[in-house]
Amino acid sequence: MPHYFISSATGLALLVPISVVALDMIRRLVRSSRERKGSPLPPGPTPIPLLGNALSVDIEEPWKTYTAWKTAYGEVLYARLLDQEFVVLNSQSDAVELLERRSQIYSDRPFIATIETPNVLTGYATDMGSDFFLDSGATMTTGVYAGEYSIRRFVPIPPSPSAPCRARKMIMNMIDDPDRYAFHYSTFSAAVALSAVYGYEPKLRNDPMVHILDRFISAVLPATTPENAVLLKMFPFLWCIPDWLPGSSLKREAKTACEWAVKTVETPYQYAQERMDANRDPSFSMVSDHIARMQKFDEPYRSDYTSALKDASATAIIGSTGTTSSTILIFTLAVVQNPHVWKRAQAEIDAVLGMDRLPTFEDRPFLPYVEAVMRETQRWQPVLPLCVPHATTSSDIYKGFYIPKGMSCQVSSTTLICRAISRDEDRYPNAEQFIPERFLTAEGILTDDNPAESRDGTVVYPSSGRYTADASVWSAIATMLATLEFTPAKDAEGKDIIPEPKYATGVARHPETFPCYISPRPHINKASLERVLASDG
C-alpha cells in the first residue's frame, strides 16, 4: 500500500489557511452563542469563512450592493468584509437616531489602512481630513477646528459676493475654452475655498495650487474606500511587496495619496505663513487669523495648534472643493440630458432679473426653480453616496439588534443624502429621472424637502466646507443657467450624442468628462461679462 508524505513546508503552507478558517469559524460560533443568549446581530447576507461577504460586494460601487441588500434584509443590516464587520443604515431615520442622537457611541472612526499606514511608511504624520477620517475627539481638543465659526466669519452667511464674481470669471473661461469645462469647474471651486481659508487667489488657468488639489482628490478618494482599505488592514504584508508585483496596486495608490496629502496640507499653509510674515496682516484669511492668535502660546502647545490648524484648514478646502466641482459636473450632465430643465430655468431667471444683470445671493429666494434644480442635482447623483464609516465606542442595542463595540457603521454623508435614500421610490417617485419639480408644490413654492439638509450625524460638529460648498454650488448653477446653453455633441452624421459617462468612484463620485456642447446664450459675450465684473469691483 503506497504511503503519501507531505513535506514540512507544504504542510505548514496548508496549516496556516486551515487554522485561520478554523479560528474564524470558532469566533463566529462563540459570538452566535452569545447572541442567542441576548440580542442577535442585525440580519444580513450569510458570510463565508475568512472572506465574509467580500465576494458579494461591488467594490467599485458598493452602495449598489447595500441598496439591493436593503430589499432582502431590511433598513438595518449586518455584513462582513474579511475581518471588518459593519452595519449598513439604509434609512434616514435610523441614521439620525444612531449617528446624531446616539453620537456619543457612534462618532468614532474605524481604522482605514490606506490613510494611516502610509503615514508610518513615509514618516509624515497627518490628521488630514478630520471631518472624513478621524475619531470624534481628534482636532477638537486643540480648539482650532476650522468649523462653522471660522467659515461663517470669513465666508459670511448670507455669503459674500465673491462666489458669484468667480462664477462669472468661470463663464468667461468656458466661452474661451468650453471643452475644458471640468477644469474650469475645479478652478472655480478651489478659488472660493482657497481665498476664504488661505487668502490665496488662483490664476484663471493652470494654477499650481489648483493642480495640487486636483491630484490629491483624484489620488486619495479611490484609496480611502473601506472596501479597498480592509485588504491592507487584514493583509499588512502587502505593504512590503515590491511595487512591480501583482497585488501591489493598493500600496502604490495609498502612497501616492499620502504624498499629495502632504502637499495639500503644507503648500497653501506655507503661502499663508509667508504672506503673514511679510505684512503682519491677520485679517486676510482664516489661517492668518489663527497664526496671529497662536503666537501667544508656548511650546509644545503652539506645535499642536499649528498641526491641528494645518489639518483643519486642508479639510475645509477638500470638503468644499471636491464636492462643489463634482456637483457642477453632475448638474452639467443633467441639463445636457434634459434640455427642458435649463430652458425653464432661464425663463424664470429672465422673468425675475431681466437680461441685463446676473444672479446674486439676494436673488436666491426669488428663483425657486433654480433652487429646485440644485436640490435635484444633489439627490439625483449624490456626490458622496456613502459616508466614510463610523465606529462604535461601546456596544449598543438598537431595534432589538446587538451592535458590538468597534462595529463599523456605513451610511450617507453629512451634506448629501445616500444613494439608497435618494432612490427611495416612496419619497422620490421615478427616482432615476431628473425631475426638479419634485421639490416644488403645485403653486411653484419650494417644499421643505432639501437633500443638502439631510442629517445623518456623520460628525457631531458642522462640516467645515458645508457653507462655502452650498454658496459656491448655487452661484455656479445660477450663473451658468443665466449665461449658457447646454446641448449634446454631434457625431459625424450630425446626430446627437447622448452622454452616458463613466463615473469616477471612491469615497466621492462624479462623472468623468463627456462630450457636450456648451455655448453662451445669444445676448451673452465676453464684453458683457467684463462690464458686469467691472461693476462688481
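Thr332 is buried in this predicted model, its relative accessible area being 0%, and the residue belongs to helix H14, which runs over residues 301-337. Its side chain reaches the backbone oxygen of Ile328 at a distance of 2.9 Å. Leaving aside residues up to four places away in sequence, Thr332 touches Tyr185, Met480, Phe486, Phe514 and Ile518.

Several of these names return in the description of the nonpolar interior. The largest nonpolar core comprises 60 residues, and Tyr181, Tyr185, Met480 and Phe486 are those with the most contacts inside it. Helix H18, residues 466-483, supplies the largest share of this core, with 9 residues. Tyr181, for its part, touches Met174, Leu329, Thr513, Phe514, Cys516 and Ile518, again not counting residues up to four places away in sequence. A second core, separate from that one, has 29 residues, among them Val210, Ile212, Leu309 and Ala314.

Burial can also be followed helix by helix. Helix H13, residues 286-294, is largely enclosed by the rest of the structure, because 7 of its 9 residues are buried; these are Met286, Val287, Ser288, Asp289, His290, Ile291 and Met294. In helix H3, which covers residues 92-101, the buried residues are Asp94, Ala95, Val96, Glu97, Leu98 and Leu99. The buried residues of H3 pack against strand S1 (76-81), strand S2 (84-89) and helix H4 (103-106), and also against strands S3 (390-391), S4 (396-398) and S5 (401-403).

The UniProt record, an unreviewed entry, carries the annotation "transmembrane region" for residues 6-26 and 182-200. In the model, the span 182-200 is 89% helix and 0% strand, and the C-alpha atoms at its ends lie 21 Å apart. The annotated stretch 6-26 calls for a more careful reading, since pLDDT stays under 50 over residues 1-14, a segment for which the model has 1 contact beyond four places in sequence. Over residues 32-36 the pLDDT is likewise below 50, and this stretch has 4 contacts in the model beyond near neighbours in sequence.

For the protein chain as a whole, the mean pLDDT is 75, and 68% of the residues reach 70 or more. Among the elements of the chain, helix H15 (residues 339-353) has the highest mean pLDDT, at 97, whereas helix H7 (residues 148-154) has the lowest, at 38.

Conventions. Residues are numbered from 1 along each chain as its sequence is written. This is a predicted model: local features need pLDDT of at least 70, side-chain atom pairs count only at pLDDT 80 or more; totals for chains, interfaces and linings use all residues. Side-chain values use heavy atoms; hydrogens and water are left out. pLDDT is the predictor's confidence in each residue, from 0 to 100. Helices (H or I, at least four residues) and strands (E, at least two) are DSSP runs, numbered from the N terminus. Contact means heavy atoms within 4.5 Å. UniProt positions are given in the numbering used here, feature names are shortened, and annotations may be inferred rather than shown by experiment. Buried means under 20% relative accessible area, exposed over 50%, partly exposed in between (1.4 Å probe, protein chains only). A polar contact is a pair of N or O atoms within 3.5 Å; within protein, one must be able to donate a hydrogen and the other to accept it, and residues adjacent in sequence count only if both atoms are side-chain atoms. A nonpolar core is a set of buried Ala, Val, Leu, Ile, Met, Phe, Trp, Tyr and Cys residues joined through side-chain atoms within 4.5 Å.
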